[in-house]
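Dear colleague,

I am passing on the structure we spoke about, and my notes on it follow below. Please read them with the coordinates open beside you.

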Amino acid sequence: MSSDLRDSLDRPLRDLRISVTDRCNFRCTYCMPAELFGERYAFLPRDEILSFEEIERLVALMAPMGVRKVRITGGEPLLRHGLHELVRSLAAIRGVEDIALTTNGTLLERMAGQLKREGLSRLTISLDSLDPEVFSRMNGGKLSVQRVLDGISAAEEAGFEAMKINCVVQRGVNDHTLAALARHFKGTGHIVRFIEFMDVGTKNNWDLEQVLPATEIAALIDAEMPVESAEPNYVGEVAQRLRYRDGEGEIGIISSVSNPFCGECSRARLTTDGKLVTCLFAQGGSDLRALLRSGASDDEVRERIRGIWAGRSDRYSEERSELLGTDRPKRVEMYQIGG
Ligand code: SAM
Ligand code: SF4
Ligand code: SF4
């Protein structure tokens, strides 16, 4: 078994993010705005979505190439029927050390216990604001903040610790509520991670004016609850860590716009319909579903994946500044690849 696979910029393949559904019960303005994703929006038909067996096969083939961490995402992954069964089978794959899930938290109350029992290692829950009005405006007015908080409580009871709480920051939208969010989770062991609004996909009306840079986010928090820099936990950690000076935990800031981190990017992404995508901002991916369904052998699938990774040269976030001002090309959308 060899794990020496490197891309053209000498980056290994370590993480795989799998989008298990393109559907969602939210309509976040920065991801699936309601005006574009209405009642009649054509989500993927069932036969175009990778089956659990197909996902398991791909992960089992990629683990020996270096994949250690798998993150299940979406759309809203908890909408995928029987998700705990996928967690169980991924947890049994040799070499996979860590299985994480990113969710909006609204279905966690009834699912957290089962996911924990089947081997889910870590949870990330998205929560943009504790202010009901701001929350509703950003997430499409579907469900309440309380529902997410109840999901977090259920996850705590199920035994999940040090959860990550993801908050997308938009200037003029939720920046006045960031400190309250940080304060709510300070001292709980959970880590709020503020994410700069990113120009993923083409449908979210991204505007640089709405990006609050990491330095400003840090200053906002520091003004109320003093923080200091902490060392990264591991090479390639995407969040910049800031520790509360009073010892009551830490926050993270993901600064992919103001301070890109492509140099250590070891992530590949699998879309709901089975395309392997090598960058969050890619224009498309390689169709592994067609290959699997054509009856390809394990060796053939392995060779295809190795070839894709070996040829990878993506570093979009580092190139972004050069591209700003030009037309945004077609890109994979966030709900298709899950962040
Ligand atoms: N539905 C799940 C959720 O919201 O947690 C999982 C999928 S969602 C696409 C994954 C993460 O991407 C969420 O934390 C979400 O807030 C974040 N996200 C979506 N669009 C974004 C954007 N334009 N900029 C920054 N983060 C974004
Ligand atoms: Fe749904 Fe997550 Fe996208 Fe919001 S960010 S619309 S919860 S997939
Ligand atoms: Fe990785 Fe692409 Fe993001 Fe750079 S822009 S960190 S290559 S996903």
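Which residues of the largest nonpolar core touch the most other members? In this predicted model, that core has 106 residues, and L90, L127 and F194 are the ones that touch the most other members. Among the elements that build the core, helix α1, which covers residues 52–62, gives the most, with six residues.

One of those three residues, L127, can be followed further through its contacts. When its neighbours within four places in sequence are left aside, L127 is in contact with F135, V145, V148, L149 and I152, and also with I165, N166, C167, L181 and F185.

I then turned to the ligands, beginning with ligand 1. There are 19 residues around this ligand, and of these Y30, G75, S126, V168 and M198 come nearest. By class, the shell around ligand 1 divides into seven nonpolar, ten polar and two charged residues, and the strands β3 (98–103), β5 (164–169) and β6 (191–196) each supply at least two residues of it.

Nitrogen atoms of ligand 1 take part in several short distances to the protein, which I list here with the protein atom concerned:

- M198 places a backbone N or O atom 2.9 Å from a nitrogen atom of ligand 1.
- G75 has a polar backbone atom at 3.0 Å from a nitrogen atom of the ligand.
- E76 contributes a polar side-chain atom, which lies 3.3 Å from a nitrogen atom of ligand 1.

Taken alone, ligand 1 exposes 540 Å², and the protein buries 94% of that area.

Ligand 2 is surrounded by C24, F26, C28, Y30, C31, M32, G75 and N104, and the shell that these residues form has six nonpolar and two polar residues, with no charged residue in it. Y30 and G75, which belong to the surroundings of ligand 2, are also among the residues that come nearest to ligand 1.

Finally, there are two backbone angles that you may wish to look at for yourself. D10, found in the segment before β1 (15–19), has a phi near 70 degrees, which is a positive value in a residue other than glycine. A162 likewise has a positive phi, near 40 degrees, and it too is a residue other than glycine; A162 is found in the loop between α5 (145–158) and β5 (164–169). With a relative accessible area of 45%, A162 is partly exposed.

With best wishes

Key: Residues are numbered from 1 along each chain as its sequence is written. Chains are lettered from A and ligands numbered from 1 in the order in which they are written. This is a predicted model: local features need pLDDT of at least 70, side-chain atom pairs count only at pLDDT 80 or more; totals for chains, interfaces and linings use all residues. Side-chain values use heavy atoms; hydrogens and water are left out. A residue is near a molecule or strand if one of its heavy atoms lies within 4 Å of it. Ala, Val, Leu, Ile, Met, Phe, Trp, Tyr, Cys and Pro count as nonpolar, Asp, Glu, Lys and Arg as charged, and the others, Gly among them, as polar. Helices (H or I, at least four residues) and strands (E, at least two) are DSSP runs, numbered from the N terminus. Buried means under 20% relative accessible area, exposed over 50%, partly exposed in between (1.4 Å probe, protein chains only). A nonpolar core is a set of buried Ala, Val, Leu, Ile, Met, Phe, Trp, Tyr and Cys residues joined through side-chain atoms within 4.5 Å. Contact means heavy atoms within 4.5 Å. A polar contact is a pair of N or O atoms within 3.5 Å; within protein, one must be able to donate a hydrogen and the other to accept it, and residues adjacent in sequence count only if both atoms are side-chain atoms. Accessible areas come from the Shrake-Rupley method with a 1.4 Å probe; for residues, only the protein chains shown count as cover.
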